[in-house]
Amino acid sequence: KPCSRTQLSKELNVDYKTVTYHLKIVCKYNYISKEKFERTYFYAPSEKLLNNINEYYHIRKLVEKGE
């Protein structure tokens, strides 16, 4: 579901600035979509991410193993 930076920060228990930094990167590569509602931006998985979700899980596994 779409979430704001504040919601993501609380949900992940990560500093707001850290969430903002990483969202900027994944938005740059179109893995997350960003939409503005009133004065708040909401972020959600993009079609690109959803279409490549298997690749994402493969990379995640490699990162978790430290490869």
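1. A charge sits over a ring if NZ of Lys or CZ of Arg is within 6 Å of the ring centre and within 35 degrees of the ring normal. With that in mind, have a look at Lys48: it lies over the face of Tyr31, at 4.6 Å from the ring centre. Please remember as you browse that this is a predicted model.

2. A second lysine is worth finding too. Lys34 lies over the face of Tyr41, 4.4 Å from the centre of that ring. Lys34 also stands opposite Tyr43 in strand 2. As for rings paired with rings, the structure holds 1 aromatic pair.

3. Next, the strands. Strand 1 covers residues 32–37 and strand 2 covers residues 40–45; the two run antiparallel and are joined by 6 bridges. Together they make a hairpin with 2 residues between the strands. In a regular strand, side chains alternate between the two faces of the sheet.

4. Do stop at the turn of this hairpin. Glu38 is placed in the loop between strand 1 and strand 2, and its phi is positive, about 55°, although Glu38 is not a glycine. Is Glu38 buried or exposed? Its relative accessibility is 66%, and exposed means over 50%, so Glu38 counts as exposed.

5. Asn13 makes a good companion case. This residue is found in the loop between helix 1 (5–12) and helix 2. Asn13 is not a glycine either, yet it has a positive phi of about 55°. With a relative accessible area of 72%, Asn13 is exposed.

6. Now for the interior. Which residues form the largest nonpolar core? There are 7 of them: Cys3, Leu8, Val19, Leu23, Cys27, Ile32 and Tyr43. Helix 2 (residues 16–28) gives the largest share of this core, with 3 residues.

7. Leu8 is a handy place from which to explore that core. Setting aside neighbours within four places in sequence, Leu8 is in contact with Cys3, Asn13, Val19 and Leu23. One of these contacts, Asn13, is the exposed loop residue from point 5.

8. Finally, helix 4, which runs over residues 53–65. How far apart are its end C-alpha atoms? They are 19 Å apart; at 1.5 Å a residue, the 13 residues should span 18 Å, so the two values agree. Just after helix 4 comes Gly66, whose phi is positive, near 85°.

How values were computed
Residues numbered from 1 in each chain as written. Predicted model: local features only at pLDDT ≥ 70, side-chain atom pairs only at ≥ 80, totals over all residues. Heavy atoms only, no water. Helix = DSSP H or I, 4+ residues; strand = E, 2+ residues; numbered from the N terminus. Expected span 1.5 Å × (residues − 1). Pairing = 2+ DSSP bridges. Core = buried A, V, L, I, M, F, W, Y, C linked by side-chain atoms within 4.5 Å. Buried < 20%, exposed > 50% of the residue type's maximum accessible area, 1.4 Å probe, protein only. Contact = heavy atoms within 4.5 Å. Phe/Tyr/Trp six-rings, centres within 6.5 Å; stacked < 30°, edge-to-face > 60°.
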